[in-house]
There are 4 protein chains.
Amino acid sequence: MVGYAFMGAAHSQAWRTVNRVYDLPAQVRMALVCGRDTGKVAEAADRLGWDAHTTDWRRLVESDEIDVVDICTPGDSHAEIALAALAAGKHVLCEKPLANTVAEAREMAAAAVAAQAAGVRSMCGFTYRRVPAVTLMRRMVAEGRLGTIRHVRAAYLQDWIVDPQFPLVWRLQKDKAGSGALGDIGAHIIDMTQYVTGQRITGVSAITETFVKQRPLPAEYSGLAAQAAGNGVADGQGPDMGPVTVDDAAVFVARLDDGALATYEASRFATGRKNALRVEINGSLGTLVFDLERLNELEFYDATRPAAEQGFTRILVTEAEHPYMSAWWPPGHIIGYEHSFTHQARDLVEAIATGVDPAPSFVDGLQVQLVLDAVTRSAELGSTWTHVEPALEAVAA
Amino acid sequence: MVGYAFMGAAHSQAWRTVNRVYDLPAQVRMALVCGRDTGKVAEAADRLGWDAHTTDWRRLVESDEIDVVDICTPGDSHAEIALAALAAGKHVLCEKPLANTVAEAREMAAAAVAAQAAGVRSMCGFTYRRVPAVTLMRRMVAEGRLGTIRHVRAAYLQDWIVDPQFPLVWRLQKDKAGSGALGDIGAHIIDMTQYVTGQRITGVSAITETFVKQRPLPAEYSGLAAQAAGNGVADGQGPDMGPVTVDDAAVFVARLDDGALATYEASRFATGRKNALRVEINGSLGTLVFDLERLNELEFYDATRPAAEQGFTRILVTEAEHPYMSAWWPPGHIIGYEHSFTHQARDLVEAIATGVDPAPSFVDGLQVQLVLDAVTRSAELGSTWTHVEPALEAVAA
Amino acid sequence: MVGYAFMGAAHSQAWRTVNRVYDLPAQVRMALVCGRDTGKVAEAADRLGWDAHTTDWRRLVESDEIDVVDICTPGDSHAEIALAALAAGKHVLCEKPLANTVAEAREMAAAAVAAQAAGVRSMCGFTYRRVPAVTLMRRMVAEGRLGTIRHVRAAYLQDWIVDPQFPLVWRLQKDKAGSGALGDIGAHIIDMTQYVTGQRITGVSAITETFVKQRPLPAEYSGLAAQAAGNGVADGQGPDMGPVTVDDAAVFVARLDDGALATYEASRFATGRKNALRVEINGSLGTLVFDLERLNELEFYDATRPAAEQGFTRILVTEAEHPYMSAWWPPGHIIGYEHSFTHQARDLVEAIATGVDPAPSFVDGLQVQLVLDAVTRSAELGSTWTHVEPALEAVAA
Amino acid sequence: MVGYAFMGAAHSQAWRTVNRVYDLPAQVRMALVCGRDTGKVAEAADRLGWDAHTTDWRRLVESDEIDVVDICTPGDSHAEIALAALAAGKHVLCEKPLANTVAEAREMAAAAVAAQAAGVRSMCGFTYRRVPAVTLMRRMVAEGRLGTIRHVRAAYLQDWIVDPQFPLVWRLQKDKAGSGALGDIGAHIIDMTQYVTGQRITGVSAITETFVKQRPLPAEYSGLAAQAAGNGVADGQGPDMGPVTVDDAAVFVARLDDGALATYEASRFATGRKNALRVEINGSLGTLVFDLERLNELEFYDATRPAAEQGFTRILVTEAEHPYMSAWWPPGHIIGYEHSFTHQARDLVEAIATGVDPAPSFVDGLQVQLVLDAVTRSAELGSTWTHVEPALEAVAA
């Protein structure tokens, strides 16, 4: 694993847990973790339970004992590490967004497609697909329970930088993060809605905004919550100010393949919304609603029921019949944020062991990147309607 | 009153009730109701409790006994009636949207401004401003409880025409209704968000869609619910089909004066959403959330509270301290949809009796019309960003 | 109508509205209202829209022009007025609880049964039966949708006397009110659960408590909210204290005919709960949940649905298919507290006009009274299990 | 650890995770797990990550390498194992309810008190105290935010045996489980409400019921969900029927030390309620509401706020300021059912390492047992009011 902060901690919990919960054809060994600071990575290895540590990610790629490289770094290093790992025949799990640019993402997707022939697997870490309620949404849409999709409304709202004194962490710097709320959380709702509907976004009209344009440079700060918000913060120098080079919020309207209208919103300025990823999909036969802050629940409106009994049914997605749940606790005993990482680990291990390509693929990651890029360009051009190319054509091009 | 269908029934309930609940400086007399069909208007006058009826709206304008003309007809007749009434020195209450075109609305607004000098009052029927929770929202924003507004997200979702066999009622015909979901329900969220924030929408980028392009011509049909959906339906001729000439749904992104980003959505295709007007406003200090299907409630997030106690507070807006509520029932005894019409009646009677101009004015109505027009033009031009002129400048022009 | 405070205002709104909304075989005329204070009743008659007023309730009973006597006074005067009215051949609507004692209630029920032979109708004002969601509950239980009833849990929670300085209004005086939270709001959940399940409470074990034992004697105070809490307050004398002679709260466990277990709670000390009447009924096939603060909604769990789709369905009870609703507004346009009084008026007028006995009858009112009495006796005897006699046997006895 | 089914799996996840999340003064080693069936316990040791396994629980008590004995068996074996472990100087964590009888619980509590002198720690596994929202409730009550407690209403509702064909697992057998819903889930709400209020239940009046009196004897069945419902099921013999010897449901009213009224309900027949532990506490200054199915949330009504802003605040208990949460994920990233076991492990390890006695103690466990016993006796005696002895007196006796 490369990186050991917020995402690294979540992935470690998954690798540690997966064989304790699921019967799998392979046993996970947490072999080697990589970070830039030798003292910190040693401490992380010890705390998170990795056998060894290094400050050189190439050691993971070169080691004969390593089968899988798990990339949990900021987006600016995804492409280099992933390309090297694929070239070395390692299976790769890469955090989202796949890359910071379409060019990088295209190269990664092409490499991943080429590696498939050699049985090398790759997966992009859109873990929310593996929240059981989201997987169930996909299943219900695929079964035709919604009929023709008419509307998608998706928002991913947070509020952790509302305070103008919140420091200029790496997630607010374009060279490291690529974009702001758009790529960090907007990427999730783009992927999730494309996954659940089985459709692509074909065009967008967008506005982005940076409400607070200067922020204090970060002092070194500790604590897990701080790390969570801005893991890998460069050692800070004190009270000086620096420019925020990414968006604080992005909103856009879009169309899907089959003509549905969609609205998207990603913001870090939605006061009171902590991790509020909400997706609603209206079809001709029904509606599904999901909220990540209540991730064990799914609301379903079934318009084929008798008129006097129609309503939004709050499904508590904790039954053995629900995706991934038979391995966990009895009905009503809820799971949390980190469980989806265990589900991701399970599916990746199974895919590798059984020789199939897992989803979301790097091509899926590229598809999201193409939307992010279209949003950015639309916003730069005064909300001009901007076409989104299909990823498969982009890879082929 | 002109018109006696859905809106006419709601207005009648308000006129009948207002003096029974509020102490007012004037007593309302329900003098004369007008409709096109003499038999039906006679039946309506009897049922709704009007003293007399007519098929000629000019009788209202010309009668010396009538002080107020209440216009509840489809939008295509608003301008003619309102202009005549104002010219005759009658106070006018005109249902929303103010008109079917900007040109008409501008003329009406200009006439209303001119009439003010003579003490003639006019009001546009955006009743939802007078839902107590919405009035409370406005009060809290005006008091600075939200700080700087960052985001507005507004949706008005219904589903009554999801079925492609639902007939081609007047609300689906452009010549009568002006537009579809946009003008009928989108107008409400445009007005409400401008009212609550005290800001204007300055530009939009929009998509509109007509999902079902042909519908059966309506047969004559009765029943209050049917009237509600399509009051004043022309006598139908049977199973023949006709073209839907308005939008089924409209989505747009927008900016407000002070730089906030906004998303708007109006749809009649949101399966399961019956009358789901939802508005959320995020500011630097707090957030407010309203849902018309639970109109007695207001959610408030106060970011100035101690960190461990912050959360969305569900205010049950039924206390004597809340707008309009001291006249109704004890706390927790909720009010319904029609009560806002009584509040509107109260405020109009008070404004007339005390000689002040009520809000929302015809200029406010024009402001909404300018946004509706910008949305339509943006959608026609492939979601091009479209500037919205201030209404006051439009009136002056 | 006798009495014109909180209940009188609600009943007046219903009498005024009922013919405007429903097609009925008779027209209501609001003929005569009675109160003890001649100035106040005159003012009330004017405000609420009654043709005439009096301070002698016997005038209603004796008048040839009056068909129906509507009793909205405190419980201590119900029996005398109702018995006189029935004896005079007037149809009677009597507010709940039917009386302050079982003895009075039994006499009233017997008189009502006797009067039926002469075509004289009587109804006890448990209006909540006519909240559409509650009527729908009854319908669904009667259709077998819940299977065998296993549990009833019912609470009616308010908080208007939490403050020890709240004055000693009539509702806190045993001689006028009979009991406190128990008879005022507990009576509602007793009636509602017996109505919805179609079963009787057969025994109880109870605790009652008066948390605040002395309160200030009420000064004369005005304002509708104050009236609502304590209508008909005796002219107060200032800051002196008097004893609270009724319960502040009552809790009890109970059994129903068919063996279901039940819990009941009525309190005026549930801080934050304004009018929170909540009933949940669990059966072998499903569950229903109702909350008066969201009276337009009903939750239904249908255990016969596929396992992966089961959940609580929030039915928005505003469809034409729902009880009483086709006469009101389109789907999603909610109704309020007072509408159930209009439904009550409708059903009473129809029953009188068509010559059938309406429900809830005075015998139903007696049944509630028998439970109230058993609760009181159980509490007095240290929560001893106390049998509840069937009302029909009580009437016969 | 003794036992490896549902509770064993949850405890194992906690022991495995605790040092990865919290900085602790000691490292946990998962040394030895015990079960009756050698093949199954070997499989469990492998799957759950224990170093070794045994079929003789005395090996844990006798081993020099073992510091803590974690008892996850049915209640009939708690006393014997715990007493032996305490006698051997092992720290003990014992699942709830502490025992199947008051006599056993009293002996265990006495032994635990005696062992304290020797620095031997003991804890009873009421893990729900360590749900962050519940710990927060306790903190807020202790800080006086609720004022004087007036009401407690607590229900723990499940529905996993509604089907009469559900087999006769050990949890339905009195000799193994002691009681049914009462001891299994009722114990949780008894402990939680006593913990949160800091008060004792002083007396009860109860009804218990076994709705389905005969059930099929269980066949051997596999799957984690099945284990969860009835772990340690004896090998079944087929379709024969056996008697259910425990309660399906228990309801009771109670009083707390300071005069508050309380209602309690524990049921496995509440259709649709999967794991619905709900506690509401009303005080003179505010109210708190908790629901285990949404365990990351706490509702708080603060009656000291301005009247127009009062309401139930939904606190999302995921902030660094909330108990236990700074070690987990960023705000809004929810935790699940099993996390409370990790919190329990943390607190136990810290208590042992720092030499303090943890809570809940065995005396706390005895206090719950005394209430369970009083409920059972009250129900047997026709709901007679039954006094509950203080545990400290019971230990001394």
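Author: Domain bounds here come from an automatic or database domain assignment. Keep in mind that this is a predicted model.

Reader: OK, so where are the domains of chain A?

Author: Domain 1 of chain A covers 6–127, and domain 2 of chain A covers 129–335. Their C-alpha centres lie 24 Å apart.

Reader: How many residues of these two domains are in contact?

Author: Twelve residues of domain 1 of chain A are in contact with 17 residues of domain 2 of chain A. On the domain 1 side, six of the residues are nonpolar, four polar and two charged.

Reader: Now the copies. How do I read the relation between chain A and chain C?

Author: Here's the general idea: two copies of a chain are related by a rotation about an axis and a shift along it. In this model, turning chain A by 180 degrees, with 0.0 Å of shift along the axis, superposes it on chain C with an RMSD of 0.0 Å. That is the relation of a two-fold axis.

Reader: Which C-alpha of chain A is nearest the axis?

Author: That of A:T313, 1.9 Å from the axis. The two copies also use the same surface: 100% of the contact residues of chain A recur in chain C.

Reader: And what about chain B, how many of its residues are in contact with chain A?

Author: Chain B has 33 residues in contact with 33 residues of chain A. Elements of chain B giving two or more residues to that side include strand 6 (149–157) and strand 7 (201–209). Strand 10 of chain B gives the largest share, five residues.

Reader: What classes do the residues on that side of chain B belong to?

Author: They divide into 15 nonpolar, 13 polar and five charged.

Technical notes: Residues are numbered from 1 along each chain as its sequence is written. Chains are lettered from A and ligands numbered from 1 in the order in which they are written. This is a predicted model: local features need pLDDT of at least 70, side-chain atom pairs count only at pLDDT 80 or more; totals for chains, interfaces and linings use all residues. Copies are superposed by least squares on the C-alpha atoms of residues with pLDDT of at least 70 in both. Two residues are in contact if their C-beta atoms, placed from the backbone, lie within 7 Å. Ala, Val, Leu, Ile, Met, Phe, Trp, Tyr, Cys and Pro count as nonpolar, Asp, Glu, Lys and Arg as charged, and the others, Gly among them, as polar. Helices (H or I, at least four residues) and strands (E, at least two) are DSSP runs, numbered from the N terminus.
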